[in-house]
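Student: Could you take me through the ligand site of this one, slowly and in detail? Once that's done, feel free to wander out into the sheets and any odd backbone spots.

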Amino acid sequence: MEDTVGAASFVLTEQPRLSCLVDTIVPPDDHPSGVDAGGLRFLERLLAERPDWVERVVTVLAACERASREAYAAAFTELDGDRRLAVLDALLDDPDYRWFSGIVNGGYYADPGNGGNDDAASWSMVRWQPWPGTSRRPASSALPSGRRTIDPAATLDRYDAIVVGSGAGGGVAACGLAEAGRTVLVVEAGSWPDTRMLATDHLRNPRSMWGLEAWSGPRWPQNPRVLDLADGEREVGPGDPEWGGNAMTAGGGTRVYGAQAWRFSPEDFAMASRYGVPDGSALADWPFGYDELEPYYVRAEWEIGVSGDEHDGSHAGPRSRPYPMKPLPAGRARDQLETGARSLGIGTLAVPLLISSTPYLDRPACSQCAMCVGFACPVDAKNGSQNTVLTRALATGRTSVLVDTTVERLTVDQAGRVTGVAMVGVRDGVVWRRVVRADEVVLSAGAVETARLLLNSRTPQEPAGIGNNADQVGRHLQGHAYGGSLGIFSDELEELIGPGPSIATADFRHGNDGIVGGGIIANEFVPTPSNTYLYLSGAGVIPRHGPGAKQGMRDLSRRMVRLMGPVQEMTSADSRVRVDDRVRDRFGNPVARLGGGLHPEDYRARDFLTARTVDWQTAAGADLVVPMDGGTLRTPSGGQHQAGTCRMGEDPASSVVDPWGRVWGHKNLRVADGSVHVTNGGVNPVLTIFANAFRIVDHMVGAPTPGGPR
Ligand SMILES: Cc1cc2nc3c(=O)[nH]c(=O)nc-3n(C[C@H](O)[C@H](O)[C@H](O)COP(=O)(O)OP(=O)(O)OC[C@H]3O[C@@H](n4cnc5c(N)ncnc54)[C@H](O)[C@@H]3O)c2cc1C
């Protein structure tokens, strides 16, 4: 709940001390100071949104005062600039102060709409623009024209099929079912926000790390998750990166994703056969191989829309059709990295992207703006569920999309057979509930929420949750650990040419001595200035505050290159989603409880990949290379690449769904999302989610399938 009055009076009361502190963190020079750029107004808005942070700011002010009096026997506000900076330097190990200086800088470098960057002063300072070379601005709306979402009251009592979730898997499922003549209700927990809302805010998107809830959802109150950590448990909200969410909005993650569109390699489908099963892991083969999915990769690439290279790099399987579009143009960073790779003998390729490089499927080509990952596309050239398959489903006239509605439980008949879903939402402040029946139900709520929904659907026949009599639902939660490094070059290689990832190597996906699996390495998305601040200061390349931080941002923002790579995780049965009966969401349903962690092999592979990025940056001529922090992750893996919690398999004792996504024991209940991944590849997963959903729905509607019928 916003507390505008409380925040305003706090900032007013503390104005002298806050001004002094903010202007020591971001001091005046040839460019405005933090306060001059609106820093206090920014803090006021922030604390209105997060009243729970006021106490933390009070703690920081007190720590500052204490340190000042101990060192100089004077109040912080009475010190000269050098002494104030010395006081803050002494506080750098204090987590509260580090958080505060981060927030102040975050506001200073964020979009002016946040209130701390008046006249985009910091953007001029670091020469950053969101729309270089284009005057295009966010479209007013990305709703498909002519059709809108329906009102809860307009839902029918019965549909042929209900699809839960409208992301990668859900969109494909709705499209395939509707085009095959079924009536379909898509139930989506998130809303369908205007593009403008999802295309501007640097602090509230799923790639910002400021603890604020992203506009792409979830943004509703009382929606925690519980983390099982080595040192106890912790409840976290969706603004916390540890909550481990994807976007929750029409289109799911695909509305705002980075859109890297990698196929898994043949070896990715047979990890246990290829490497054996490391102790403590539950590594397994998929119940089918690359060849079976290949035609569906083609469908995903053509029906959603991928731009990519003429070849797929090392370890790729054969492809039966080229990409529909050529890669997007790239700039100097790509060329310099290419030279470096060549000198190391590393093969490279353009990063495949679900972004149109030419007008495609009635939408324009990418304008290559500087704000891609985490944002909705202002020109609608990023191809996701919401503007491709979901639009097609709507065009049949047989699909209705109900947003802002959560499926809280599956309904069953007396025999335990699934009959539909129980839905819940809030309208005008009043909670409503409704049960809708369907012949078939498809779960595409993402790996955490699909598992949670099954676990919360307890029946006399399946008291631990539908599909969970073998205690498999929720296990094998995985995502991607990342290796990577930050390089500083003497030339300005960052030209703000979006989306950013333009060159990759696939050489380390497999065949790495002594390593199980591996992953691709690619250069990163054009960062926002506030994230650049985090990367540079986090790597210790610039100070966290003071004149040096500002100078560092001026000097290095455009000389920074980040190379990153996702590591194929080993998956363990203990890395899992459970539900926590003691902690309930706003509707009274048990929340997800995430436990477990990475396998030691994952850390080895991650550190191996990090070392390869360091080699590559060095060979490309970086003056300085800082490897990513190689520490142990505190929290379970999952996050935006979450997968694995309803494992596909041939054996009901060790899997949740059969090879066609049917929940064991339930012929009319399927899972079509990242949950079914047995392993998650050493690449971003979404193209495989799209492709496998096409395959599952083909089987559902009786279309001929390469591997079927089974
Ligand atoms: C910023 C960002 C960048 C990314 N970049 C990439 C990338 O470059 N390449 C890549 O491969 N992947 C990327 N991803 C990940 C990618 O988006 C996901 O892998 C993909 O969207 C997962 O598809 P899904 O069908 O499993 O679930 P989702 O797309 O997450 O869709 C699930 C939907 O279900 C809804 N839902 C959940 N619970 C319920 C319920 N109980 N009732 C009703 N609805 C419910 C959610 O609101 C959500 O909209 C990125 C994600 C983000 C957020």
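**Around the ligand, then outwards**

Tutor: Let's begin with Gly258, where a backbone N or O atom sits 3.0 Å from a nitrogen atom of the ligand. Bear in mind as we go that this is a predicted model. Gly674 uses its backbone too, with an N or O atom 3.0 Å from an oxygen atom of the ligand. With Glu188 it's the side chain that does the work: one of its polar atoms lies 2.5 Å from a ligand oxygen. As for how covered the ligand is, on its own it has 990 Å² of accessible area, and the protein covers 98% of that.

Which elements build the surroundings? Those giving two or more residues to the shell are helix H8 (168-179), strand S6 (405-412) and helix H18 (686-700). S6 makes the largest contribution, with three residues. There are 41 residues around the ligand, and the nearest ones are Gly169, Glu188, Gln260, Val407 and Val686. So Glu188 turns up twice, in that nearest group and in the 2.5 Å side-chain contact with a ligand oxygen. Sort the shell by class and you get 21 polar, 16 nonpolar and four charged residues.

Now for the sheets. One is an open sheet of four strands with mixed pairing, and you read across it as S4-S3-S14-S13. Its edges are strand S4 (232-236) and strand S13 (576-584); each has a single partner strand, so one side of each goes without a neighbour in the sheet. From one strand to the next, the twist averages 30 degrees. Further in, S3 pairs with strand S14 (residues 590-595) in the parallel sense over two bridges. If you want a residue pair to look for, Leu227 has Leu594 in S14 as its bridge partner. Packed on this sheet is helix H14 (residues 447-456), which touches S3, S13 and S14 and points at about 60 degrees to the direction of S13.

Just ahead of this sheet's S3 there's a backbone oddity to look at. Gly217 and Pro218 are joined by a cis peptide bond, with omega about 0 degrees. Pro218 falls in the loop between helix H9 (195-198) and strand S3 (225-229).

The next sheet is open as well, with five strands in the order S10-S11-S12-S9-S15 and antiparallel pairing. Here strand S10 (504-505) and strand S15 (624-627) are the edge strands, each with a single partner strand, so each has one side left without a neighbour in the sheet. Strand S9 (residues 481-488) runs antiparallel to S15, and four bridges join them. Leu486 is a handy marker there, with Val626 in S15 as its bridge partner. Helix H15 (residues 529-538) packs on this sheet, touching S9 and strand S12 (560-567), with its direction at about 85 degrees to that of S12. Then there's helix H17 (residues 600-619), which lies across S9, S10, strand S11 (521-523), S12 and S15, and runs at about 150 degrees to S12.

This region has a cis peptide bond of its own, joining Gly498 and Pro499, again with omega about 0 degrees. You'll find Pro499 in the loop between S9 and S10.

One last backbone stop is Asp380, a residue other than glycine whose phi is positive, near 65 degrees. Look for Asp380 in the loop between helix H12 (332-344) and helix H13 (389-395).

Methods. Residues numbered from 1 in each chain as written. Predicted model: local features only at pLDDT ≥ 70, side-chain atom pairs only at ≥ 80, totals over all residues. Heavy atoms only, no water. Near = heavy atom within 4 Å. Polar contact = N/O pair within 3.5 Å; in protein donor to acceptor, adjacent residues only side chain to side chain. Areas by Shrake-Rupley, 256 points an atom, 1.4 Å probe, with all protein chains shown as cover. Nonpolar A, V, L, I, M, F, W, Y, C, P; charged D, E, K, R; others polar. Pairing = 2+ DSSP bridges. Contact = heavy atoms within 4.5 Å. Axes fitted to C-alpha atoms, helices over the stretch in contact; angles between N-to-C directions.
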